[in-house]
Amino acid sequence: GGARIVQQLGGSLLDAEAQSPLFSLGPVPRCTDASDLRRPDRHFTIITTAALPWLTGTAVNPLLRALALARSKRPVVLMLPWLEKPSQELVYPKRQTFDSIAEQEEVIAAWCRERAKINMRDLPLQLRWYKAKYVHSVRSIFPTGDCSMELGGDDPKDVLILEEPEHLCWYHHGQRWPALFRHVIGIVHTNYQDYLTQHTGGGNEGFAGELMPDWTKEASVFAASTMVCSAYCDVNIKLSGTIMPLPNEVTCNVHGVRGEFLVIGDGCAKRDANTSCPVYYLGKCIFEKGWGELLDLLEGAGDRLAGVSIDGFGSGADEVEIRARADRINDTEGIARLQMHPGLDHADSVIHGYSVLVNASTSDVLCTVTVEALAMGKRCVLARHPSNGFFEEQFPDRCHFFEVGDVDGFVRALRDAVDAGPATALPADQRYALTWEAACERLFSAAEVRVLSGRWQRPSEAAASRLAYQLHHDTMRKQVLADIIKEATLGEQTPWDEYLREWRESQLEPLRTKYKQLVEENAPPRHIKESERYFKERLPRTSPAV
């Protein structure tokens, strides 16, 4: 692609005349040595915000990235969050818990053998752990201390990948990552600006609870994320254009797909197609994950989709309500049908015979289900939305698009996808685009920095980046202020009531006394007060006449 000219926090290109640094995220000039990740001697450290057996994107994708880099003979350290048992019970399936890190590492190794078909013990891959806590109100894991202190003393500090840098650094008060590593890359998985305003509850639950309106929360998340991404990262990679603007950003899908999905796709021509019901959707059963949009479109389509049957697979918080709406659709004669089934793994043999995935979701940054469906040779019916930009660019012949909310366009796209016939294996170039090897190549390209002017070799060396770090670090190292911020944003209980009591006793009374003195010293003369009182009394009578 073409070069992108960027400068910290959006400075003008004319600032080059004042020796402000300008960087090019593109092909010319040659990238700096520190950002050349294709060299075989590079060492990678990856820090992420979730771990197996929680099958969430930030647990699975960083692990697969680490495996792919290690298979290319590049040493990798993968740092994962270690949760105490109460948090484990909330996060891991079937309330699974671990007494030791070694126990959880064995579960991760078994998943790699069984699902990724890779023995991680044979690779130059080491696991490290940092202490963390699950905050239920925002459905996320946060470090409870300085992650950098958990790195091994002998671990090379070369390339650092922060999976969800804003998430990892909002409350970070330790060492500055660019001071420890030669090149720091943030990979932004989640649009927290939208996510945190959706997950709100009463009182102090959710991001800021009811303490501030949504627009204030959005602005706060934007400001905090921009600050930490500038302070701690050289390059910020957004998986799609749905994510807020960030300093030194590159939009690029740097994810791949598990090899088993590609193997399923390679053999799809040998399997019998599900001709009676070729269409399906699979996703967590909450309305925001595409179910709400799909139900609205099916209801709006009416008899234009008569005879079309869709199988839905999913479990989750809104399952009862989603099933109820699906039943109402199914009870109506002459329109499409949506048959609901419990959630299952996308690679399950039950899914192999379907030829069309219909995914109306616009809430994902990059939908893993769509990537997996394409790998299995299926066609996809998708909303034309920034989150689906990668699919529109790479798979225009496999994806059938409709405008968001356009029922007529949805009907045409679904009919065209069904008429295209059974699933077929991907051609070699499209198949390669979904591999983790190709994803690593895209990562290497996206992470390159090319200096156009100024004396700095890294975006994190720019004055704006250093200022952002100073502001953030100074805020978070003040325990009282940091605790209040955490309670206001996460609903986390902190001792700030005690802080306020001490402040009232030690400082509030002297302030009140001083205030009274100032009022007395600066009080207006008596005749001024009488004049003010006179005009206040007369104004209501004279204003109608005026």
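1. A helix here is a DSSP run of H or I with at least four residues, numbered from the N terminus. Val407 belongs to one of these, helix 13, which covers residues 407–419. The structure is a predicted model, and the points below should be read with that in mind.

2. Val407 has a relative accessibility of 19% and the cut-off for buried is under 20%, so Val407 counts as buried. Outside its neighbours within four places in sequence, Val407 is in contact with Leu297, Gly300, Ala301 and Arg304. Glu299 is 108 residues away from Val407 along the chain, yet their C-alpha atoms are separated by 9.3 Å.

3. On overall make-up, the chain contains 19 helices and 17 strands. Of its 546 residues, 53% are buried. Among contacts with a separation of 6 or more, 70% are between residues 24 or more positions apart. The exposed area of the chain is about 25,500 Å², and carbon and sulfur atoms supply 53% of that area.

4. On confidence, the average pLDDT of the chain is 84, and 78% of the residues score at least 70. The N-terminal end needs care: residues 1–5 stay under 50, although the model gives them 17 contacts beyond four places in sequence. The pLDDT is also below 50 over residues 7–18, a stretch with 22 contacts beyond near neighbours in sequence. Where pLDDT is low, predicted coordinates should not be read in detail. I would not discuss individual contacts from either stretch.

5. Helix 1 (residues 57–71) packs with helix 3 at an angle of about 70°, and the two axes are 12 Å apart. Angles of 65 to 115 degrees count as roughly perpendicular, so helix 1 is described that way relative to helix 3. From helix 1, the contact uses Val60, Leu63, Leu64 and Leu67; helix 3 contributes Ile108, Trp111 and Cys112. Residues three or four places apart point the same way in an α-helix, because there are 3.6 residues a turn.

6. Salt bridges number 28 in the whole structure. In the one between Arg458 and Asp234, the closest N and O atoms are 2.7 Å apart. This pair links distant parts of the chain, with the two positions 224 residues apart in sequence. Arg458 sits in the loop between strand 17 (450–453) and helix 16 (463–476), while Asp234 sits in the loop between helix 7 (214–232) and strand 9 (235–238). Both partners are buried.

7. Arg115 and Asp345 form another salt bridge, with 3.3 Å between the closest N and O atoms. Here too the pair links distant parts of the chain, the residues being 230 apart. Arg115 is in the loop between helix 3 (101–114) and strand 5 (125–135), and Asp345 is in the loop between strand 13 (337–341) and strand 14 (356–359). Arg115, at 24% relative accessibility, is partly exposed. Asp345 is also partly exposed, at 30%.

8. Arg95 pairs with Glu89 in a salt bridge whose closest N and O atoms are 3.1 Å apart. Arg95 is exposed, with a relative accessible area of 54%, whereas Glu89 is partly exposed at 32%.

9. Shared partners join Arg38, Glu441, Glu448 and Arg450 into one network of salt bridges. On helix 15 (residues 436–446), eight of the eleven residues are buried, so this helix is largely enclosed by the rest of the structure. The buried residues of helix 15 are Trp436, Ala438, Ala439, Cys440, Arg442, Leu443, Phe444 and Ala446.

10. Some backbone values deserve a look. Most residues other than glycine have a negative phi, and most peptide bonds are trans. The peptide bond from Leu52 to Pro53 is cis, with omega near 15°. Pro53 is placed in the loop between strand 3 (44–47) and helix 1.

11. Lys94 is not a glycine but has a positive phi of about 55°. Lys94 is in the loop between helix 2 (85–91) and helix 3 and is exposed at 86% relative accessibility. Lys117 also has a positive phi, near 60°. Its place is the loop between helix 3 and strand 5, and at 63% relative accessibility Lys117 is exposed.

Terms used. Residues are numbered from 1 along each chain as its sequence is written. This is a predicted model: local features need pLDDT of at least 70, side-chain atom pairs count only at pLDDT 80 or more; totals for chains, interfaces and linings use all residues. Side-chain values use heavy atoms; hydrogens and water are left out. A salt bridge is a side-chain nitrogen of Lys or Arg within 4 Å of a carboxyl oxygen of Asp or Glu. Buried means under 20% relative accessible area, exposed over 50%, partly exposed in between (1.4 Å probe, protein chains only). Contact means heavy atoms within 4.5 Å. Accessible areas come from the Shrake-Rupley method with a 1.4 Å probe; for residues, only the protein chains shown count as cover. pLDDT is the predictor's confidence in each residue, from 0 to 100. Axes are lines fitted to C-alpha atoms, for helices over the stretch in contact, and angles run from 0 to 180 degrees between N-to-C directions. Angles under 35 degrees count as roughly parallel, over 145 as roughly antiparallel, 65 to 115 as roughly perpendicular and the rest as oblique.
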